Amino acid sequence: MTDQSSRRLTIAHVVFRFDYGGMENGIVNVINHTDSRRYRHVVIALSEVTDFAQRITADDVECIALHKRPGKDLPMYGRLMRVLRRVRPDIYHSRNIGTIDTVPFARLAGVPVCIHGEHGWDVHDPDGTNPKYRWMRKITGVFIHAFMTVSRQLRDWMVGVVGIAPEKLHHICNGVDTERFKPVDKAAARSGLLPADVFPADAIVIGSVGRMEAIKDPLNLIDAFVALAEQDPEDQQRLRLLYVGNGALFQTVEQRVAESGFADRVWLAGSRDDVPALLPCMDVFALPSLREGISNTILEAMACGVPVVATDTGGNPELVTDGKTGALVPVGDSAALAAALSRYVHDGDYRQSHSVAARDDAEKRLSLATMINHYEALYDAAAKQ
């Protein structure tokens, strides 16, 4: 391979669609924070590039959409190879099952090194049991120099179930920008940002940020909130729910809220660009997902000093220290979720101690700088192969 000492490594980040999402946000963090003197980045979306690309602040980053048609689109592979021969990346970094079939074409186009990342469970294969998808990973692995996973659970699954050699696996946990996401005065944060007719000054706010899709199980949180509100009349007066996100289940969630009798205590905020400002408004963060890789929203909530109640799945136990920075509850159990949230609602000292611990953990163990160091080490090692 060509000596890299005199020039920057070009990394091609390949996704199915470059749009708002946790994985895509992680890619933006890598692009914006790796050493620009050593790395140049290109984003290739098999389908579309949305205005999410505006979050990239690094210089000379090209974003390319291949406009893949639904279903089989064989000409797309030809378009990909032409782009790669023009861009000439040193490393091709594909993400998730939706892009893994492109790896052999990258090698055909002359890309010397391919890395494939697994960032979470696919909505069509939430348990990782689909034999076709497992076979695709195993067969395509012949062309892949290294795999990376964001959680230990994914790493263990890739080795134990898919059959990838352990020496090809690299675990890189997501990191959070603790300067962008940080604690602020809660009363000041809420003033002018949260609707005053929904959130009184003494409100206890349970919050969540996430796509309203089946794998995120948003109805679980709605049911837990309703159960909690019904337990105590005082809770009904102070307890509030702030849910940021949109998706296929938004109307279903909206209907469930309307039927609950507590619609005046819930704000379904939809998709928002001011999440760093909204997170510090929350007293406790809830993530009710059925499956997770490594949740950026958990990281961001912790960095803002917000304790987290999350389902015990995927990478969540790597982030949340049960009984110290938050609580872990069984998947799909709204009663357990309500019970865990209840302690934070009723015990201000408990909430405050977990708030401080969550921020401290984000700074010391889960920082963006730690993540970037791991990515740079992965790219440097791959380039020497």
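Is Asp-90 buried or exposed? Asp-90 counts as buried, because its relative accessibility is 4% and the cut-off for buried is under 20%. This value, like the others below, comes from a predicted model.

## Asp-90 and its partner

Side chains of opposite charge can pair when their charged atoms come close. Asp-90 shows this with Arg-7: their side chains meet in a salt bridge, with 2.7 Å from N to O. The pair links distant parts of the chain. Asp-90 sits in the loop between α2 (74-87) and β4 (91-95). Arg-7 belongs to the segment before β1 (9-15). The two residues are 83 residues apart.

The partners differ in how they face the surface. Asp-90 is buried at 4%, whereas Arg-7 is partly exposed, with a relative accessible area of 37%.

## A network of salt bridges

The whole structure holds 24 salt bridges. One of them joins the side chains of Glu-376 and Arg-38, at 3.4 Å from N to O. Glu-376 lies in helix α15 (residues 368-383), and Arg-38 lies in the loop between α1 (22-33) and β2 (39-45). The pair therefore ties together parts that are 338 residues apart in sequence.

Glu-376 is buried, at 12% relative accessibility. Arg-38 is partly exposed, at 33%. The pair also has company: Arg-38, Glu-376 and Asp-380 are linked in a network of salt bridges.

## A salt bridge within one helix

Lys-364 and Asp-360 form a salt bridge too, and their closest N and O atoms are 3.2 Å apart. Both residues are in helix α14. They are four residues apart there, so about one helical turn separates them.

How accessible is each partner? Lys-364 counts as exposed, at 65% relative accessibility. Asp-360 is partly exposed, with a relative accessible area of 31%.

## Arg-359, a buried arginine

Helix α14 (residues 348-364) also contains Arg-359. Arg-359 is buried, because its relative accessible area is 14% and buried means under 20%.

What does the side chain of Arg-359 reach? One target is the backbone oxygen of Phe-181, at 2.9 Å. Another is the backbone oxygen of Ala-303, which lies 2.6 Å from a polar atom of the Arg-359 side chain. Leaving aside residues up to four places away in sequence, Arg-359 touches Thr-178, Phe-181, Lys-182, Pro-183, Met-302, Ala-303 and Gly-305.

## An enclosed space

Rolling a probe the size of a water molecule over the atoms shows where empty space is left. In the whole structure, a search finds one cavity of 30 Å³ or more. The largest cavity holds about 40 Å³ of space.

Which residues line the largest cavity? They are Glu-118, Gly-120, Trp-121, Asp-122, Asp-125, Gly-128, Arg-137, Leu-154 and Trp-157. The lining divides into three nonpolar, two polar and four charged residues.

## An exposed loop residue

Ala-201 has its place in the loop between α6 (186-190) and β8 (204-209). Ala-201 counts as exposed, because its relative accessibility is 84% and exposed means over 50%. Arg-190 comes eleven residues away from Ala-201 along the chain. The C-alpha atoms of the two residues are separated by 8.6 Å.

How values were computed:
Residues numbered from 1 in each chain as written. Predicted model: local features only at pLDDT ≥ 70, side-chain atom pairs only at ≥ 80, totals over all residues. Heavy atoms only, no water. Buried < 20%, exposed > 50% of the residue type's maximum accessible area, 1.4 Å probe, protein only. Polar contact = N/O pair within 3.5 Å; in protein donor to acceptor, adjacent residues only side chain to side chain. Contact = heavy atoms within 4.5 Å. 1 Å grid on protein atoms, 1.4 Å probe; cavity = no way out; pocket = protein on both sides within 12 Å on 5 of 7 lines; lining within 4 Å. Points joined across faces, edges and corners; volume = space filled by probe spheres on them. Nonpolar A, V, L, I, M, F, W, Y, C, P; charged D, E, K, R; others polar. Salt bridge = Lys/Arg side-chain N within 4 Å of Asp/Glu carboxyl O.
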